[in-house]
Amino acid sequence: MKIYKSISEFLHRRDNLAELTFVPTMGNLHQGHISLIDLAKQYENEIIASIFINKLQFNNKNDYEKYPKSLESDIELLEKNGCDHLLIPDESILDSIEVIKASSKSKKLCGKNRPGHFDGVLTILNKFFKIINPKISIFGKKDYQQFLLVKEFVLNNHLNIKIIGGDTIREYSGLALSSRNNLLSETEKQIASSIYKVLTDIKSHKNLLTKELLDNKKKYLTELGFEVDYLTVCDASTLDESLSINKNGLLVAVAAKLGEVRLIDNILLTKL
């Protein structure tokens, strides 16, 4: 695996590289990230990952400073799993950066209480897309709102990049893999697995979706110790709240804090 520790070093080599499939990350890698590398292997391009903790997408300075870093093991994991290139830029990538404003879809779900978060995500991704010029870029669908916004951005700006979503990878308990899980105690991890149980229970009642069902599930999570940001059912394309499973596919999405750790998850419901 070739490692580039600056943008200039990468650009010096870019013209001599094959077509690329890009997997952007903020490091602290786990099997969820590796599943995206494995998905990238299904295409003929060489694979490039990035590691950059993007301060633009953090609303809280402390969250940015506390974000876990494990660069040596990240490099080892990527190399072991067949990544061809790794770009690790420094903060100069943010110099004179073009600021991207996300669409109104970014104001829903996670965007309600994280103003500017998705602007920061799209701003850095736009810069990476210009530097790397990938044919394909792969994102995990655990961050489903992000996945939709990136697809929309690429389409609206006529970028010649195919955006592909990778399925959420889970622990045996059902807990979605996340770098934030490292901040949970073993007891908290057991409690956190209840999020997926709630999602699957709502899915099993998809032909009888009601506000009362959602309110009961929120109450259940609260009684377990969660501070629920949202638990909602919405149209899987627009993210508008909806219980009409007969019309379109729906997304059940949740964000909740357990202690100081904010967790997100979702599950898709196919229309009846």
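1. A salt bridge here is a side-chain nitrogen of Lys or Arg within 4 Å of a carboxyl oxygen of Asp or Glu. By this rule, the predicted model contains 13 salt bridges. Three of them are discussed below, followed by a residue of helix α6.

2. Lys55 and Glu91 form one of these salt bridges, with 3.6 Å between the closest N and O atoms. The pair joins distant parts of the chain, 36 residues apart: Lys55 lies in the loop between β3 (46-51) and α3 (61-66), and Glu91 in the loop between β4 (85-87) and α5 (110-113). Lys55 is partly exposed at 39% relative accessibility, and Glu91 is partly exposed at 34%.

3. A salt bridge also connects Asp119 with Lys101, at 3.6 Å from N to O. This pair too links distant parts of the chain, since Asp119 belongs to helix α6 and Lys101 to the loop between β4 and α5, 18 residues apart. Asp119 is buried, with a relative accessible area of 15%, whereas Lys101 is exposed at 65%.

4. Within helix α10 (residues 211-224), Asp215 and Lys211 are four residues apart and therefore separated by about one helical turn. Their side chains meet in a salt bridge of 2.9 Å, N to O. Asp215 counts as partly exposed at 32% relative accessibility, while Lys211 is exposed at 59%.

5. Ile131 is located in helix α6 (residues 117-132). Its relative accessibility is 8%, so Ile131 counts as buried. Leaving aside residues up to four places away in sequence, Ile131 touches Ile7, Phe10, Leu11, Arg14, Leu87 and Ile93. The C-alpha atoms of Ile131 and Leu71 are 22 Å apart, with their positions 60 residues apart along the chain.

Note on methods: Residues numbered from 1 in each chain as written. Predicted model: local features only at pLDDT ≥ 70, side-chain atom pairs only at ≥ 80, totals over all residues. Heavy atoms only, no water. Helix = DSSP H or I, 4+ residues; strand = E, 2+ residues; numbered from the N terminus. Buried < 20%, exposed > 50% of the residue type's maximum accessible area, 1.4 Å probe, protein only. Contact = heavy atoms within 4.5 Å.
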